[in-house]
Amino acid sequence: MALATFKGGIHPPDKKELSKAKAISPAKPPKRVVIPLAQHIGAPCTLSVSIGQEVKMGEIIGTPEGFVSAPVHASVSGKVIAIGDFPLPTGRMAPSVVIENDGKEEWTSLKDSPGYMKLSPDELKGKVKDAGIVGMGGAAFPAHVKLSPPKEKPVDVVVLNGAECEPYLTADYRLMLERPSDVVEGLRVLMKIVNVSKGVIGIESNKPDAIEAMQRAVAGDSSLKVCALEVKYPQGAEKMLIKAAVNRDVPARGLPMDVGVVVQNIGTALAVYEAARYGKPLIERVVTVTGEGIREPRNLLVKIGSLVSDLIGECGGFSSEAAKVISGGPMMGFALYSLDVPVTKGTSGILVLPEEGVVHAEDFGPCIRCGRCIDICPMGLMPSMLSVLSERGMYEEAKGYNLFDCFECGSCTYVCPSKRPIVQLVRLAKSMTKP
Amino acid sequence: METASKEHQLIVSVSPHVKSEETTSRIMWSVTASLLPAAVMGAYFFGPRAVITLALCIITAALSEYAYQRALNRKVSVSDGSAILTGLLLGMNLPASVPFYIPIIGSFVAVVITKQLFGGLGYNVFNPALIGRAFLLISFPKLMTIWTKPEAAFLKMDAVTTATPLGILKEEGVAKLMEVFGDKINLYTQLFVGHRAGSIGETSAIALLVGAAFLLYRGYISWHIPVSFLGTSAVIAWIFGGKGALFAGDPIVHLISGGMLLGAFFMATDYVTCPSVKKGQLLFGAGCGFLTMLIRLKGGYPEGVMFAILIMNCFAPLIDRGFRTKVFGARKEARK
């Protein structure tokens with residue numbers, strides 16, 4: 001059977017073998033955590049603790065401002081020892097709360113709801129919101145916002161993103177293997193919130209055991225379906241996933257809800273289940289610590305706010321090859337200039353790469369118009385043209401080539417034989433002009 | 001601690017952090033390699049003069065690129081293989097009998113005037129090797145149209161001159177062509193192997209097809225331009241190529257003679273000077289085919305591949321503009 005997919009895309013080596021066999025294990029309790037108050041797209045939170053205050057696990061330390069925002073909770077119990085601006089993995093500074101772990105792992109009181117499926121959609125959505133759940137695939141968009149489509153955009157299907165198309169990362173894969181029924185319960189909660197009777201789980205076919213595990217978990221429920229997807233980057237990009245899983249075209253500059261779809265990530269679905277069932281806020285997540293530059297690649301269950309340096313230490317430290325540390329995947333992640341940055345709700349992986357493969361600024365050449373980027377652009381853009389226009393400062397002209405439809409997946413830059421920093425030139429053009 | 005000692009050495013760069021192994025120079029060297037079978041056949045049929053001509057082209061191309069870039073204090077890019085490929089292509093487009101200053105002048109024009117003066121690799125409007133050849137043909141029309149008989153005698157310096165199959169077809173008609181080659185089967189066989197008068201690297205259809213198959217297999221070229229180029233030429237040759245009646249032409253002779261295969265697979269497909277959008281490439285190839293046949297059947301020259309490709313080169317940017325790709329999800333926007 002032909003696997004579902006989209007037009008374009010690339011096939012980078014998936015490198016998942018480094019960590020795919022490693023079962024998820026809890027990371028050592030961190031001595032201290034640095035929890036940013038802006039971990040999501042949208043308004044940052046207002047501080048709701050003060051220095052010296054004792055907090056328990058799951059206690060709110062940042063209250064959301066406005067609708068597009070999500071609360072932030074303490075991920076350990078202990079004392080607030082500092083409040084100030086600390087760097088995020090992206091390099092930006094954000095107001096953060098530093099908590100010293102007292103090691104007691106004392107939880108604040110959580111509201112257990114064994115009968116959670118009997119709750120109303122709004123009550124369940126409230127639980128998702130209160131748990132501070134955001135998209136855990138990387139974008140960190142507040143989940144409850146996606147679950148609140150306006151009336152004129154009826155939604156009829158929830159798609160779970162199990163593509164995990166970024167090379168190296170295996171966090172979602174391990175969750176699908178180890179906790180399939182909890183993930184499926186999360187999907188059911190999501191479906192109840194948006195009142196739909198159809199759920200699709202899209203998984204790339206390089207994870208046959210995950211497909212099998214999820215198929216077992218949905219067996220007997222005719223409203224749920226597992227969809228095997230072709231292994232191709234960026235299969236997990238929202239629009240590409242929707243095209244492959246339910247064959248709908250999200251309009252350019254549009255949202256999934258324009259075609260009646262809500263997409264959530266596997267990790268997000270699990271967090272939704274735990275929030276609905278146990279009232280558990282999002283204070284930990286699975287992070288794949290991997291790459292050729294790390295001694296023992298692992299999939300760790302990590303408290304939000306744990307420092308990257310601690311995780312690297314826990315995975316045996318750097319091998320001699322280590323040259324570059326990335327938060328996220330190799331295609332869209334951020335290179336870190338300091339290892340003292342925290343894991344946030346959107347951190348899917350910590351990647352340590354060797355020096356080979358790094359293209360230095362002076363090494364790229366002119367565009368030879370080979371057209372490879374045009375052939376593979378999943379958005380149907382002409383990246384070569386965008387890069388040349390941006391290079392010459394012709395930003396307005398670049399808009400005529402659909403500059404703002406680029407979601408910066410990096411496929412063009414991956415295939416470019418001249419090693420041009422196409423995505424970076426696109427980012428430059430975007431920042432120099434308005435949509 | 002190891003972690004701490006590493007920190008000040010971290011490399012920070014923008015995403016994506018992994019890149020494919022494909023490089024511009026690997027592409028250029030691969031295309032160069034794909035031309036070798038045809039070049040070797042040319043050397044076999046046209047002897048040491050052919051080898052010297054090819055060598056002079058390549059050496060001049062490399063040297064003039066090096067000298068130009070050094071003179072302007074630019075990064076020397078000879079090792080990317082693009083100048084060497086241009087030199088080889090030009091050499092393969094020359095008759096073996098030309099005096100030795102011809103390849104030197106041609107290579108200089110190709111690399112310095114056509115490529116470097118326009119901004120270097122990626123910025124030239126025209127195919128450099130073809131401009132080099134066009135310059136030579138216009139400046140030295142006599143020397144550039146003396147064709148020697150393929151002798152398969154490797155050490156023979158002097159040669160017997162003759163006309164190319166297309167020249168015979170143009171001047172004396174298909175009957176004469178049959179007379180020269182005996183029968184149709186023999187004609188096809190000789191053309192296919194390359195045992196005929198012509199430019200050094202254009203004669204052996206089989207060797208060119210081997211190289212082309214390699215490029216297609218590796219994805220260095222796509223089928224769009226060669227198929228539309230050859231397809232259009234074949235149809236026009238079939239309809240209008242016959243004497244007296246329509247639909248009486250012989251498309252096969254047209255496809256495997258002259259520079260048709262060399263042009264369709266190796267010159268029209270030059271990334272820099274052809275459209276980059278696949279649909280546009282179909283139009284580009286069709287235009288090349290149409291103009292080639294127009295010149296062959298109605299023009300003053302027996303062969304039209306070179307001028308056809310050069311003329312279509314002018315249109316490549318315009319074609320790219322007209323065949324802009326559609327953004328994913330564009331349909332709905334169009335309805336608005």
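## A valine and its surroundings

Contact here means that heavy atoms lie within 4.5 Å. With that in mind, and remembering that this is a predicted model, let's start with A:Val388. Leaving out residues up to four places away in sequence, A:Val388 touches A:Cys367 and A:Arg420. You'll find A:Val388 in helix α10 of chain A, which covers residues 383-391.

Is A:Val388 buried or exposed? Its relative accessible area is 19%, and buried means under 20%, so A:Val388 counts as buried. Now look at A:Ile422: A:Val388 and A:Ile422 are 34 residues apart along the sequence, while their C-alpha atoms are 8.7 Å apart in space.

## The nonpolar cores

Next, head over to chain B. The largest nonpolar core has 76 residues, and B:Phe266 and B:Phe284 have the most contacts inside it. Helix α2 of chain B (residues 24-71) gives the largest share of this core, with 11 residues. Domain 1 (24-143) and domain 2 (164-322) of chain B both supply residues to the core, so the core lies between them.

Which residues does B:Phe284 touch, if we skip its neighbours within four places in sequence? Its contacts include B:Ile225, B:Ala268, B:Pro275, B:Met312 and B:Ile319. Apart from the largest core there is another one, made of 46 residues, including A:Ala131, A:Ile201, A:Met214 and A:Val262.

## Rings meeting rings

How many aromatic pairs turn up in a search of the whole structure? There are 6 over all chains. To describe a pair of aromatic rings, you give the distance of the centres and the angle of the planes. For A:Tyr273 and A:Tyr278, those values are 6.1 Å centre to centre and 80° between the planes, an edge-to-face pair. Add A:Tyr116, and A:Tyr116, A:Tyr273 and A:Tyr278 form one aromatic cluster.

The two partners in that pair have their own accessibility values. A:Tyr273 counts as buried, at 8% relative accessibility, whereas A:Tyr278, at 37%, counts as partly exposed.

## Charges over rings

Rings can have charged company, too. A:Lys232 lies over the face of A:Phe6, 4.5 Å from the ring centre. Another example links the chains: B:Arg324 has its charged end over the ring of A:Tyr401, 3.9 Å from the centre of that ring.

## Where the chains meet

So what does the contact between the chains take from each? Chain A gives 68 residues and chain B gives 46 residues. The area buried between them is about 4,800 Å², with carbon and sulfur atoms giving 55% of it.

On the chain B side, look for B:Ile11, B:His17 and B:Phe328. These residues supply 17% of the area that chain B buries against chain A, more than any other three residues.

How values were computed: Residues numbered from 1 in each chain as written. Chains lettered and ligands numbered in written order. Predicted model: local features only at pLDDT ≥ 70, side-chain atom pairs only at ≥ 80, totals over all residues. Heavy atoms only, no water. Core = buried A, V, L, I, M, F, W, Y, C linked by side-chain atoms within 4.5 Å. Buried < 20%, exposed > 50% of the residue type's maximum accessible area, 1.4 Å probe, protein only. Helix = DSSP H or I, 4+ residues; strand = E, 2+ residues; numbered from the N terminus. Domains from an automatic or database assignment. Phe/Tyr/Trp six-rings, centres within 6.5 Å; stacked < 30°, edge-to-face > 60°. Lys NZ or Arg CZ within 6 Å of the ring centre and 35° of its normal. Buried area = accessible area lost by both parts, 1.4 Å probe.
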